[in-house]
Structure formats: C-alpha cells, structure tokens
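Please examine the sequence and the structure shown below before reading on. The paragraphs that follow lead from a single side chain to the sheets around which the chains are built up.

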Amino acid sequence: MGYKPVIGLEIHVELLTNTKAFCGCPNTYGLNPNTNVCPTCLGLPGTLPVLNEKVVEQAIKASLYLNCTIDQNSSFDRKNYTYPDLVKGYQITQYYHPIACGGYLDIMVDGREKRISINRIHIEEDVGKTVYKDGDIFLDFNRSGVPLIEIVTEPNFTSSKEVIQFLKQLREILIHGGISDCKLEQGSMRVDVNTSISLEGLTGKKTEIKNLNSFKNIEMAIHEEIKRQMALLNEGKSIKEQTLKWDDKLNKLSVMRDKASSDEYMYFPEYDLPPIHIDHYYLQRIKEALPKKPSEIKGELREMGLRDEQVQALMNDKELLKYYKECISIYNMPERIFNYLKGDVTHLLKERNLDSGQIPIEPYRISELSKLVEGEKVHPVAAKRILREMFETKEPPKIIAEKLNLLGIDDSSAIKTTIEQILQNHPQAVKDYIKGKHKALGFIMGVIMEHTRGRINPQMAREITIQLIKSKDKGI
Amino acid sequence: MYIRKIHNLITKKTISCVELTKIYLERINSIDNGVQSFLEVTKEQALMVAKKVDERVANKEEIGILEGIPINLKDNICTKDIKTTAASKMLENYIPPFSATAYDMLSKSPLLGKVNLDEFAMGTSTETSAFKKTKNPWDLTKVPGGSSGGSVASIAAELSVFSLGSDTGGSIRQPAAFCGVVGLKPTYGIVSRFGTFALASSLDQVGPVTKTVEDCAIVLNAIQGKDPKDATSVDINTNYLDSIQEDIKGLRIGIPKEMLPKETEADVYRSFQNAMEKLEELGVKLVEIDLPHIQYGVNIYSILAYAEAASNLARLDGIRYGDMSRSEGLGDEVKRRIMLGTYFLKGENYRKYYLRAQRIKQLITQDFNRAFEKCHCIASPTTLSTAFDIGKKLEPHIMQLNDLLTIPANLAGIPALSLPCGFDKNGLPIGLQLMGNSFSEDVLFRIGHSFQMHTDYHLKRPNILKGVVDYGI
C-alpha cells in the first residue's frame with residue numbers, strides 16, 4: 001500500500017533522588033496516601049520551589065548516555081492548566097530551554113543497527129495521582145513534586161518491535177546508570193506513543209496514546225492504532241489529532257480527549273527559580289563519575305566467558321550483577337559463580353520472598369564455597385545443601401560442611417573400605433557386572449553415591465569400584 | 001528615632017513589654033473603630049511574646065533592638081496557626097501551617113494582628129478587600145491607598161510601631177505617601193518572599209512600613225538575607241545604619257521630567273519642589289536625567305503582573321480552599337486581572353503582548369542603568385495626587401495610574417523609598433519617592449534620614465490621635 005507507520009515516543013522517567021524536585025519530602029514510592037507531602041508540594045499559597053541539585057545531576061547523566069548536547073544555561077517554565085491533581089494550577093517544566101537536546105541511541109533490530117534520534121530531554125515535576133474508586137474520585141498528592149525527566153524521541157520508529165527494543169535498551173541504561181528504577185508497573189517509567197502514517201513521504205496527523213503500563217500493552221496498542229489509522233485512511237477518512245487511552249482489560253483504544261496544543265498551556269518563565277547554570281567543572285565531574293554503559297558492562301562479562309543469555313540475565317538484575325562482580329573479584333570463577341547465583345541463590349531468595357539486593361550472605365562466602373568445590377573438597381551436589389544452610393545460619397561453608405558431614409573423603413584407603421563394604425552387601429550386582437551387565441555398575445555407583453552422600457569423587461569411586469570387582473573376579 | 005526610643009524605654013524598664021503591648025491593644029480597640037485597619041487582633045500571641053521579652057529583661061539579658069516592639073503584618077503574609085486571609089472570601093478561614101520567613105525573623109516582636117489589604121494585593125485603595133474598607137487616618141472619608149492600606153493606616157494611627165507590607169507595583173509606597181508614613185520597596189531579592197502570597201513573582205517584594213527612615217533601616221536590617229526556602233533571595237547582610245548619619249553633601253539626585261507629568265496635582269508638585277530645595281540646602285546636587293520608556297510602565301505592568309497573577313492564583317482551585325467556587329470566592333478586581341492576565345498569555349497574545357512587554361521592561365531597566373551613571377539617586381513624587389474619596393469608583397485602568405510613578409522601580413527591580421514631604425491644602429499627606437541602584441538602600445536611607453533631621457513632616461500626627469501619648473518622642 002505504500003503506507004508506513006511513523007512513531008515517536010515521549011517517555012517520563014522518575015529519577016532516583018533522596019528528596020523531591022523542589023521540596024524536602026522524601027522521594028519514596030508506596031507510602032500511605034497524602035502522608036508524604038509538605039506545604040510546598042501541596043502548593044499552599046506563599047510557598048516557593050527550590051531546586052534539588054541531584055535532579056540536575058541525574059538529568060545530565062541521562063543526557064550524556066543518550067549523546068545529547070547539554071544546555072549549560074537551561075531554565076524552567078510554567079505549564080498552566082487546571083486539573084484536580086495539579087496543586088498549583090501549573091506544572092514546573094522546561095519548555096523553552098530544556099537541559100539537553102539532539103542526541104541518539106543506536107538499537108539492534110533484526111540483526112541490523114538503527115539510530116533513534118532524541119529530540120530533547122527536560123526536567124519537570126510530577127503531579128499528584130487521581131484514583132477512581134467506587135464511583136468517587138480521590139486525590140493522592142504523595143507523587144506531587146517527584147522529579148522527572150521527559151525524553152522525547154524523533155518519530156524515527158516504524159514498528160512496535162523497534163519501539164520495544166529501544167525501551168528495553170533505554171531502561172537498561174537508566175537502571176545501570178543509577179538514574180531510575182524504570183518500573184513501568186509502578187509508574188516510574190511512563191511511555192506515551194505518538195503514531196501517524198506516512199504515504200510517499202507525506203506524514204499524516206498524529207495521535208497520542210497514554211496509559212501504557214507494560215511493554216506488552218505498548219506493543220498491542222501500537223499494533224491496534226496502526227491498524228485503526230490504516231483502516232480510516234483506506235476508507236478515505238482523515239485522522240483526528242486526539243489523545244487515546246489504552247484499556248488494558250479490554251485491550252482496546254478509546255478516545256480520551258482532543259489533543260491540546262501548546263498554546264493552551266500558556267508557557268511562560270518560572271521566575272521563582274533561577275536558570276540552571278552548569279559550569280565546565282561540574283560537567284566534568286559528572287562525566288568522570290558516570291557508571292559504565294551497559295554495552296561496556298556486557299562486553300566485560302562476555303570476555304569473562306559468559307554466554308549471551310547469561311550476560312543478559314545479569315543485566316536484567318542490577319543488584320545481582322553487583323553481587324556477582326564482588327564474588328568474581330574475590331575468586332575468579334565466572335561460570336561456576338554465575339550458576340550458583342542464577343540457580344541456587346535466586347531460588348533461595350524466591351522462597352524467602354527476597355530480592356537480589358537482600359542476599360543474606362556476604363559475597364566472599366560464595367567465593368569460599370566455590371573454592372571448596374573447585375578443590376574437590378565438596379561435591380557439587382553437597383554444595384547446594386551447604387548454600388541453603390548458609391542462608392539460614394550465615395556460617396562459613398567449611399564449618400557447615402564439617403557439621404553436616406559433607407566434606408569430601410579423599411583418603412583412598414577409606415574409600416576402598418567403604419566400597420568394599422557396599423560390594424559385599426550387593427553380591428548379585430557384582431556377579432551381574434562380571435557377567436557383562438554394565439547396568440549393574442550403574443546400580444552399584446548409585447548405591448555408593450547415596451551412601452557417601454556425594455562425598456566421594458565419582459570418577460575416583462568408579463575406578464576403585466571397577467578395580468575391586470576385577471580383583472574379586474580374579475579370584476581372591 | 002521611634003523604635004530606638006521605645007527600645008530604650010524597655011531596656012531601662014520604664015515600661016514593660018506587656019504594658020506596652022496592652023497599650024497598643026487598647027488603642028486598636030478604640031481608634032481602629034474609625035480607621036478599620038485590623039482584620040484580626042492576636043492578643044494572646046502578642047502578650048505571650050511580650051512576656052518572654054520581659055523575662056529576658058528581668059534576667060538582665062541583652063535585648064535586640066526589635067525585641068518587644070509591637071508590630072502587625074499585612075494579611076497576605078503567612079503566620080503559622082493564625083488566619084491569613086489575603087482579604088479574600090476564599091481564604092476567610094485559611095490557617096497556614098507555616099510562617100513567612102520575614103515573620104520568623106521578627107519572632108521576638110509581639111504580633112498585634114493582621115491588617116487589611118486590597119484582595120490578594122490587587123488594588124490601589126484597599127477598597128477591594130472582601131471584609132472592610134480601611135480609612136485614611138488623616139481624613140476618614142478618604143482612602144489610605146493600596147494595596148497595603150491596613151499597614152500604612154495602622155502606622156499613621158500609631159496602632160503599631162511598624163508593619164510589613166508587600167509591593168508589586170507600588171503597594172507599599174503609594175499608600176505610605178497617602179498616609180504620611182515611610183515605606184520601602186527593597187531591591188528584588190533582599191527580603192525573602194517565602195510565605196508571602198505571590199502576586200507577580202518577578203516583581204513582588206516584602207518591605208517595612210514605619211514612621212521614620214531610621215526605623216525603616218532598623219527593620220530592613222532584621223528581615224534581609226538569603227533564605228534557603230526562596231531561590232530568588234540574595235545573600236546579603238548589610239548594616240543599613242552604618243552610614244545613615246553621614247551627611248549628603250555632594251550626592252547627586254536625578255530628576256526625570258517623565259515623573260513630573262502635567263497630571264501632577266499642584267500641591268504635590270509644590271511639595272516636591274520644596275523637598276528638592278531642602279535637599280539642595282543640605283548639599284545635594286540636582287541633575288536632569290531622562291527615563292524615556294517609563295511612559296509605557298503602567299501598560300506593561302498590566303500585562304506582566306496580571307499574567308503572573310493569573311498563574312499564581314490558579315492554585316485556588318475551588319477544591320481545597322473554602323467551600324466555594326472561584327466565582328464565589330474571588331472578588332471582581334481579582335477576577336478582572338485573572339481574565340486579562342490569561343488573555344495576555346494565550347496563543348498568539350504571548351508574542352503580541354507578553355514578550356513585547358518583557359522587552360520594554362528591559363528597556364526601562366536600561367534607562368535606569370544609564371541614569372544611575374549620572375546620579376546616586378532618582379527623586380520623584382510618590383504619587384500624582386493625594387488620597388481620594390472612598391467609593392469614588394474610578395475605572396480600573398484609571399486606578400492603575402495611581403501607580404504610574406511607583407511601577408518603574410518594580411519593573412527594574414531597584415529599591416524605592418517613600419517618605420512624607422508635605423501636606424496638601426486639605427491636610428492630606430504627600431510623599432517623596434527616592435529610588436536607587438540595586439542594593440543601594442543605604443544611600444536612600446542616608447538621604448531620607450538627613451531630610452527628616454531637617455524637616456518635621458514625619459512628626460505630624462493625624463487629629464484622631466489628639467491626646468494619645470506618642471512613644472516615639
């Protein structure tokens with residue numbers, strides 16, 4: 001048909017800071033309604049905003065990761081409109097002079113690299129929350145004044161696939177950069193999608209879709225909207241510039257309102273706040289302290305020998321990655337330690353309803369355990385038990401191994417004695433093996449391993465067993 | 001003179017703070033029936049603070065110069081746990097949970113109460129107050145000026161030793177001139193705006209209303225300074241009394257012809273000329289300067305200030321304050337300004353009006369900068385006329401002309417002081433306005449104080465005070 005989707009994104013990201021953007025209230029999620037407020041974020045008459053410097057630092061970090069040009073003299077403006085959850089009747093934002101503009105992020109889609117351009121990044125404050133319950137409207141102002149950056153992309157996307165890939169990469173950058181925790185379900189990352197269709201170089205009117213709180217919903221909504229617009233165009237109808245809402249229970253789009261133009265917001269400068277002056281030294285300090293980009297971190301992990309899925313598993317869990325790195329720095333066994341963490345530790349955390357930031361044992365304990373296994377002092381199976389016990393008692397792995405009688409037996413005469421005993425208890429199996437039934441050996445090995453509870457090196461045990469049976473056969 | 005004298009009475013134990021406070025409370029009880037300046041009298045609060053000061057005096061502790069001095073505040077300045085209404089129905093029962101920084105800095109001065117103003121500081125006569133009309137103590141049929149009408153009337157009637165008002169386009173100075181008291185609009189940023197209801201954030205300043213220039217300097221010393229809660233406040237700690245006694249020989253005072261238009265009343269013009277002659281006697285040199293762009297002052301003020309006010313008042317959304325809609329809670333003048341302010345910001349008007357007004361504002365600032373290369377201070381009458389009748393019901397844009405001479409200082413952010421310099425044929429006060437470069441309040445005080453040491457306009461008292469003891473003498 002020649003129609004091509006043209007998609008752009010406006011992403012609101014809540015920043016990780018100790019306090020809100022313009023007052024001293026803690027920047028914390030999940031508190032009881034209207035308990036995390038003060039006269040300033042309630043907009044009481046006479047109150048004034050004061051900029052939290054950390055907000056600027058976080059915004060600059062994001063701008064650097066996205067290769068933007070930073071405006072060293074940006075300033076704030078007022079976006080004026082009336083809504084119950086907007087306490088001052090205006091939102092403090094940056095309309096005329098955003099802190100950064102003109103950046104990009106390269107994404108990998110279908111094996112090819114595509115550059116998504118960033119139009120601007122600006123700082124603004126969040127508004128309160130409107131809650132609809134039992135036919136009533138409730139206002140919770142805890143979120144009022146929470147610091148945000150808004151990232152606006154150019155309309156470079158042509159598919160939902162590209163959009164999702166971009167968001168995944170962006171989220172990874174922001175999480176590992178310590179800028180935001182990007183939890184879509186909690187609203188610390190909110191994505192508005194602008195969609196239009198172009199035909200032979202001419203782009204049509206665009207619609208805005210809001211209220212998308214998961215990657216899945218974003219994908220479905222884009223798909224639906226492209227379908228809808230194509231259908232209208234095929235019927236010869238035109239697209240109205242509207243704001244649409246995605247209903248995630250019915251998986252449907254519905255019209256929220258006609259799109260407001262910037263004129264309606266009467267933007268003018270926020271005189272209560274002086275311009276943000278960023279000098280060279282401030283910028284330099286931030287650049288020097290900037291955490292490594294995800295691409296760099298992934299490179300390092302790959303060099304350690306981890307496979308792509310393993311690398312991604314660590315990238316998806318920042319706390320686990322941090323813990324992992326600490327373990328590796330003590331004892332460099334990338335593969336083994338990864339398996340412990342992603343396998344056993346993750347499982348144990350889940351059982352106890354903990355997350356990776358709450359691992360109850362120190363990284364060096366994991367390293368100690370790895371050393372024991374590597375030195376064949378403890379059987380890998382036994383190691384799992386020791387790990388579980390460590391979670392409970394926090395004791396050193398060696399102590400636990402001794403307590404539970406899991407330390408490997410490497411005294412060959414002791415092993416011989418033990419196996420001798422077992423062979424004597426299972427004469428039929430010995431006979432069968434001599435006759436040539438190899439399955440019998442497997443049975444005997446099973447008994448030995450169970451009896452010794454993994455404390456004997458299986459290879460060694462197998463050799464000794466065969467040796468003993470053979471010598472028995474030779475007729476002692 | 002006034003504050004210092006009372007301070008001495010306190011430290012010498014000639015009178016206790018509690019006695020002093022009671023005397024003022026008594027006066028408010030009787031005299032304010034006629035003047036109608038107080039909206040709320042805070043007797044308990046005042047006596048409590050007074051008592052504490054007396055205890056310190058009894059303990060032979062050193063008392064700061066403003067400790068125990070009874071004051072009042074314009075009712076758009078927040079006082080914690082005490083009603084702050086902005087003279088508006090919408091906030092009739094509003095009790096702020098915090099105090100303005102300027103008030104915090106005067107915490108040892110007993111607060112006698114909150115005084116009347118034009119609703120939300122919008123007006124030039126204190127007639128738009130939703131609660132009462134304050135009268136001019138010199139003639140109870142005349143307005144005290146506005147919007148800080150309650151502040152100036154209460155000081156003129158000696159119902160408090162000093163007050164704090166707010167000035168966006170002349171709201172301290174114009175009424176100060178009408179009521180024969182001293183009023184200062186400080187350089188933008190010297191006094192914290194935190195806790196004072198914002199009208200136009202880029203123009204507002206809180207300032208003292210006093211009987212004398214020296215008192216004004218004493219109060220400014222106490223309320224100046226950087227406030228972490230106000231990002232526009234400036235880190236400043238000048239002692240404005242340091243140079244106030246110095247003579248003013250050799251200082252150059254510029255007189256702009258644009259501030260002596262033909263509309264100036266004859267008596268005002270004459271008083272101003274006399275004042276200039278007096279200053280020349282004291283060694284000042286008068287120079288001619290011009291401020292070509294201030295003729296646009298009133299118009300661009302109307303655009304810029306109303307636009308900001310419309311935005312600042314948007315928070316009174318009819319949900320959280322009072323049990324009423326904005327239509328019910330806000331008065332006509334407030335509504336008018338909100339509508340106009342919104343108009344000037346909408347769509348194309350932003351470029352047509354607002355941005356243009358901003359550019360002219362810059363030109364006015366440049367006019368002043370150029371002028372201050374030639375002189376230390378610029379003088380003009382504070383107003384074109386003396387106090388007019390209550391209920392005159394002039395057109396709003398005519399009312400705005402009351403601020404013609406005061407608006408430019410707000411637009412340029414520079415300090416401006418009004419002090420009494422005469423009376424018209426009906427005995428109504430006339431004000432002299434002195435403007436200086438940013439942060440040159442000390443020069444204004446020096447000139448003003450010198451003037452007051454050689455004149456006695458500031459010592460005259462309205463007839464309603466016949467027989468009432470003057471604690472300033």
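A polar contact is a pair of N or O atoms within 3.5 Å, where, within protein, one atom must be able to donate a hydrogen and the other to accept it. In this predicted model, such a contact of 2.9 Å links the side chains of B:Thr134 and B:Asn116. A polar atom of the B:Thr134 side chain also lies 2.8 Å from the backbone oxygen of B:Gln36. B:Thr134 belongs to the loop between β3 (111-115) and α5 (149-156) of chain B, and it counts as buried because its relative accessibility is 1%. Beyond its neighbours within four places in sequence, its contacts include B:Val35, B:Pro144, B:Ala153 and B:Ile390.

In chain B, an open sheet of 11 strands with mixed pairing follows the order β1-β3-β2-β4-β6-β5-β10-β11-β9-β7-β8. Its edges are β1 (38-41) and β8 (285-289) of chain B; each has a single partner strand, so one side of each lacks a neighbour in the sheet. From one strand to the next, the twist averages 30°.

Within chain B, strands β2 (residues 71-74) and β4 (residues 162-167) pair in the parallel sense over 3 bridges, with B:Ile71 and B:Phe162 as bridge partners. Helix α5(B) lies across β1, β2, β3, β4 and β6 (205-210) of chain B, at about 155° to β4(B). Helix α7 (residues 213-223) of chain B also packs on the sheet, touching β4, β5 (182-185), β6 and β10 (416-423), and its direction makes about 145° with that of β6(B).

In chain A, 4 bridges join the antiparallel strands β4 (residues 77-80) and β5, and A:Asp77 stands opposite A:Thr93.

Note on methods:
Residues numbered from 1 in each chain as written. Chains lettered and ligands numbered in written order. Predicted model: local features only at pLDDT ≥ 70, side-chain atom pairs only at ≥ 80, totals over all residues. Heavy atoms only, no water. Pairing = 2+ DSSP bridges. Helix = DSSP H or I, 4+ residues; strand = E, 2+ residues; numbered from the N terminus. Buried < 20%, exposed > 50% of the residue type's maximum accessible area, 1.4 Å probe, protein only. Contact = heavy atoms within 4.5 Å. Axes fitted to C-alpha atoms, helices over the stretch in contact; angles between N-to-C directions.
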